[in-house]
Amino acid sequence: MASVGAGTLHHPSLLPLVSDLCHRPPLCYRVSQQAISCKKWKTKVKIHGRLPALKCSSQPQTIRLTTGEKEEGEEAEISRMTLIWRAAKLPIYSVALVPLTVGSAAAYFQTGFFSTRRYFLLLFASVLIIAWLNLSNDVYDYDTGVDRNKKESVINIIGSQTATHFAAITFLVFGFMGLIWACAEAGDIRFILLATSAILCGYIYQCPPFRLSYQGLGEPLCFAAFGPFATTAFYFSQSSKNLTSGMNHLSLSATVLCASVLVGLTTTFILFCSHFHQIDGDAAVGKMSPLVRIGTETGSKLIRIGILALYILLFTFSACKYIPLTCSFLCAITIPLAKLVMDYVEQNHNNKLKIFMAKYYCVRLHSLFGAALAVGLVVARGGVQLYNIG
């Protein structure tokens, strides 16, 4: 038998075979030019499954994975704690905090009154209602099959659709009881009517027989629920019947309406971007989300248009004195983050692994923009007479 040593072949007929073995990458991996380094090949070749392994006498075989393969491996082996974190969706609960904070700040801007106890009562109730929204969404998406293979689905983690549904309903009941309590304290029926309207938007968004999110109407419902309905409702929640002048029902002002539009937009960005990595699964079960209809490339351009519209509206409302200049100044600080969101979505709209993070960047924008808007309203309280449209 011919031997191979020191880079010299004693049998010319073996040259093509050995050359092919040295340079051809295995079936399961991409191998760089330096991936296999051997000084002396033995004639014996071992086969492990479909992956041919060349036995090297002096150096071990080394395989280098590309970045994409590392990401695929990481996605396939997500730890249970990571799945629980994703299922909990804790950053998403900012959608409970921001409308409440902006609405309460708008009420303080108008009257100088703020009930801390009522604020935290409503925060707790709002968190429970968002928990209902998230859990019931998992339940009904599991029914339609869209979440059957979703590893971070609560149902797939705990193994019980019935228990998940029961927990969702329990959260809704206790959350709504908190809203009723706050309404009784405020003495303003408009609060509970608007809050109920926001909850109904959440119901028809996902629950049978409506499931309007499957018709591509999730984003308009999200805008209405968290913008005009919830933000304005929390504005009315700061009404008071304990002032010396008697009942103090807040008037509906342009300030709170404009602020609610801005909050609704930033919340809608979160929902819209959550569809990018789910587009194939949505299309497979007939869930016609906006991105299924228009595609991810057009969707990335729509995000840019939406964010530009957000800041155009912000500065327009301020120029018209519907919201104070302090709001525009503080919210303008979030422009670099908004640019990051636009660029990230445009660059990664086709990358299902990376685009998953887009909704969390939108959560950051939503939270910081809402905080800046609320602080701007509170700081401007000294000039309330200049900006009061009520």
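Where does UniProt place the feature "transmembrane region" in this chain? I looked this up first, and the unreviewed entry gives residues 90-110, 116-135, 155-181, 187-205, 217-237, 249-272, 302-317 and 363-384. I keep in mind that what I have open is a predicted model, and that the UniProt annotations may be inferred rather than shown by experiment.

**Two of the spans.** I checked residues 116-135 and found the span to be 100% helix and 0% strand, with its end C-alpha atoms 29 Å apart. For residues 155-181 I noted 93% helix and 0% strand, with the end C-alpha atoms lying 32 Å apart.

**The chain as a whole.** I counted 17 helices and six strands in the secondary structure. Of the 390 residues in the chain, 46% are buried, and the chain exposes about 19600 Å², of which carbon and sulfur atoms supply 64%. When I took contacts between residues at least 6 apart in sequence, I found that 70% of them join residues at least 24 apart.

**Helix α10.** I then turned to helix α10, which covers residues 254-273 and holds serine 260; threonine 266 lies in helix α10 too. I call serine 260 buried because its relative accessible area is 1%, which is under the 20% cut-off. Setting aside residues up to four places away in sequence, I found serine 260 touching Gly227, Pro228, Thr231 and Thr232.

Is threonine 266 buried or exposed? I entered it as buried, since its relative accessible area is 1%. Leaving out neighbours within four places in sequence, I listed Leu310, His366 and Phe369 as the contacts of threonine 266. With histidine 366 I also recorded a polar contact of 2.9 Å between the two side chains. Phenylalanine 369 is 103 residues from threonine 266 along the chain, yet I find their C-alpha atoms separated by 8.0 Å.

**Cysteines.** How many disulfides does the model contain? I reached a count of zero, with a disulfide taken as a pair of cysteine sulfur atoms within 2.5 Å. Cysteine 273 is in no disulfide, and I noted that the nearest cysteine sulfur, that of cysteine 362, is 3.5 Å away; this lies outside the limit because a pair must be within 2.5 Å to count. I entered cysteine 273 as buried because its relative accessibility is 1%. Cysteine 183 has a relative accessible area of 11%, so I entered this residue as buried as well.

Methods. Residues are numbered from 1 along each chain as its sequence is written. This is a predicted model: local features need pLDDT of at least 70, side-chain atom pairs count only at pLDDT 80 or more; totals for chains, interfaces and linings use all residues. Side-chain values use heavy atoms; hydrogens and water are left out. Buried means under 20% relative accessible area, exposed over 50%, partly exposed in between (1.4 Å probe, protein chains only). Helices (H or I, at least four residues) and strands (E, at least two) are DSSP runs, numbered from the N terminus. Contact means heavy atoms within 4.5 Å. Accessible areas come from the Shrake-Rupley method with a 1.4 Å probe; for residues, only the protein chains shown count as cover. A polar contact is a pair of N or O atoms within 3.5 Å; within protein, one must be able to donate a hydrogen and the other to accept it, and residues adjacent in sequence count only if both atoms are side-chain atoms.
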